[in-house]
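I set out to record what I looked up in this structure, entry by entry. The topics are helix contacts, cysteines, backbone angles and two aromatic residues.

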Amino acid sequence: ADISLRHLTGIQWSLVVAAFVGIMSVVIIAFLVNVLIAVFVWNPLSVGCIKYFIDCRYGNAEWKDILFVFRNNYVNVCVNIFLKQLFTFLWCLLLIVPGIVKAYEYMMVPYILAENPTMPREEAFQISRRMMMGQKMDVFVLDLSFIGWFILEKISFGLAGLFFVRPYYETVFAELYEANKQKAYREGYIR
C-alpha cells in the first residue's frame with residue numbers, strides 16, 4: 001500500500017493539475033456566488049427583519065417590512081452591512097478578542113439602518129459605537145444567556161428556532177436597540 005506519484009507520466013500529471021485547477025475554480029466560484037447572495041439578498045433581508053421587530057414594539061409591524069430595504073436605499077444598506085462584516089472580519093484577523101469587541105461595537109448598525117436606510121456609513125458606525133460604549137460586556141452576557149435556547153433550537157432541528165427562539169432573540173435585541181436609542185436621545189448624540 002505504498003502510494004507513489006513517481007510513476008505518472010507528463011500527460012497524467014497535466015490531467016491531475018487540470019482536475020485540481022478545475023475543482024479549485026468551482027470552489028472559488030461557489031464561494032464568490034455565496035458572498036454575493038449574502039451581500040445582496042440575505043443582508044438586506046436581515047435588516048428588513050430587524051425593522052419588522054422594531055415595528056412590533058410599536059404595534060404597527062407588517063410582513064412587507066421585511067422587504068422594505070429593496071424599496072428604500074438598497075445600495076446604501078448593502079454597502080454598510082457589508083462594510084460592518086468586513087471590518088469585523090479584519091479585526092478578527094488581528095486577534096479574536098478585538099474582533100469580538102468590534103462585533104459588539106458595530107452591533108447596532110443594522111438597527112440604525114433599519115430606521116434610517118439613507119444614513120451615511122460614518123454616521124451609522126459612529127452612533128453604533130456611542131450606543132454600545134460601556135455596554136459591550138453586558139450585551140455579551142445577554143448573548144450568553146441565549147445558549148440554552150440555541151441548544152434547544154439545534155435539538156429540535158431548527159423548529160424551536162423558527163417558531164420561538166429566533167423571534168424571541170430578535171425581539172430582545174430590538175428592545176436593546178430602543179433602550180440604547182432613548183439613551184442616545186437623552187445624551188444628545190442623535191437627533
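**Entry 1. Helix H5 against helix H8.** I began with the contact in which Arg130, Met131 and Met132 of H5 meet Tyr177, Asn180, Lys181, Lys183 and Ala184 of H8. For contact I required heavy atoms within 4.5 Å. Helices here are DSSP runs (H or I, at least four residues; strands would be E, at least two), numbered from the N terminus. By class, I found 4 nonpolar, 1 polar and 3 charged residues in the contact of H5 with H8. I counted Ala, Val, Leu, Ile, Met, Phe, Trp, Tyr, Cys and Pro as nonpolar, Asp, Glu, Lys and Arg as charged, and the others, Gly among them, as polar.

I then looked up the geometry of this pair. The axes of H5 and H8 (residues 159-187) come within 10 Å and cross at roughly 95°. That makes H5 roughly perpendicular to H8. The axes are lines fitted to C-alpha atoms, for helices over the stretch in contact, and the angles run from 0 to 180 degrees between N-to-C directions. Angles under 35 degrees count as roughly parallel, over 145 as roughly antiparallel, 65 to 115 as roughly perpendicular and the rest as oblique.

**Entry 2. Provenance.** I noted that the model is predicted, that local features need pLDDT of at least 70 and side-chain atom pairs pLDDT 80 or more, and that totals for chains, interfaces and linings use all residues. Residues are numbered from 1 along each chain as its sequence is written, and side-chain values use heavy atoms, with hydrogens and water left out.

**Entry 3. Helix H2 against helix H3.** At what angle do H2 and H3 pack? I read an angle of about 155° between H2 and H3 (residues 96-105), with their axes 5 Å apart. That makes H2 roughly antiparallel to H3. The crossing of H2 and H3 is right-handed; a crossing has this hand if the near helix is turned clockwise from the far one by less than a right angle, and is left-handed if anticlockwise. From H2, Thr88, Trp91 and Cys92 meet Ile96, Pro98, Gly99, Lys102 and Ala103 of H3. I sorted the residues of this contact of H2 with H3 into 5 nonpolar, 2 polar and 1 charged.

I also checked burial in H3, where Gly99, Lys102, Tyr104 and Glu105 are buried. Buried means under 20% relative accessible area, exposed over 50%, and partly exposed in between (1.4 Å probe, protein chains only). The buried residues of H3 pack against H2, H5 (121-132) and helix H6 (136-144).

**Entry 4. Cysteines.** How many disulfides does the structure hold? I found 0 disulfides, taking a disulfide as a pair of cysteine sulfur atoms within 2.5 Å. For Cys56, the nearest cysteine sulfur is that of Cys49, 10 Å away. For Cys78, the nearest is again that of Cys49, 14 Å away. Cys56 is partly exposed at 36% relative accessibility, whereas Cys78 is buried at 3%. Cys92 lies in H2 (residues 74-94) and is partly exposed, with a relative accessible area of 28%.

**Entry 5. Positive phi.** Most residues other than glycine have a negative phi. I therefore noted Asn73, whose phi is positive, near 50°, in a residue other than glycine,. Asn73 sits in the loop between helix H1 (10-58) and H2 and is partly exposed at 33% relative accessibility. Phe157, also not a glycine, has a positive phi of about 55°. I located Phe157 in the loop between helix H7 (147-155) and H8, and it is exposed, with a relative accessible area of 78%.

**Entry 6. Tyr111 and Phe173.** Is Tyr111 buried or exposed? Tyr111, in helix H4 (residues 109-115), is buried, with a relative accessible area of 6%. Leaving out residues up to four places away in sequence, I listed its contacts as Ile50, Ile54, Glu170, Phe173, Ala174 and Tyr177. The C-alpha atoms of Tyr111 and Ser46 are separated by 9.9 Å, with the two residues 65 apart along the chain.

Phe173 belongs to H8 and is buried, at 2% relative accessible area. With the same sequence neighbours left out, Phe173 touches Met107, Tyr111, Val139, Leu142, Asp143 and Phe146. I closed with the C-alpha atoms of Phe173 and Val26, which are separated by 38 Å, the residues being 147 apart along the chain.
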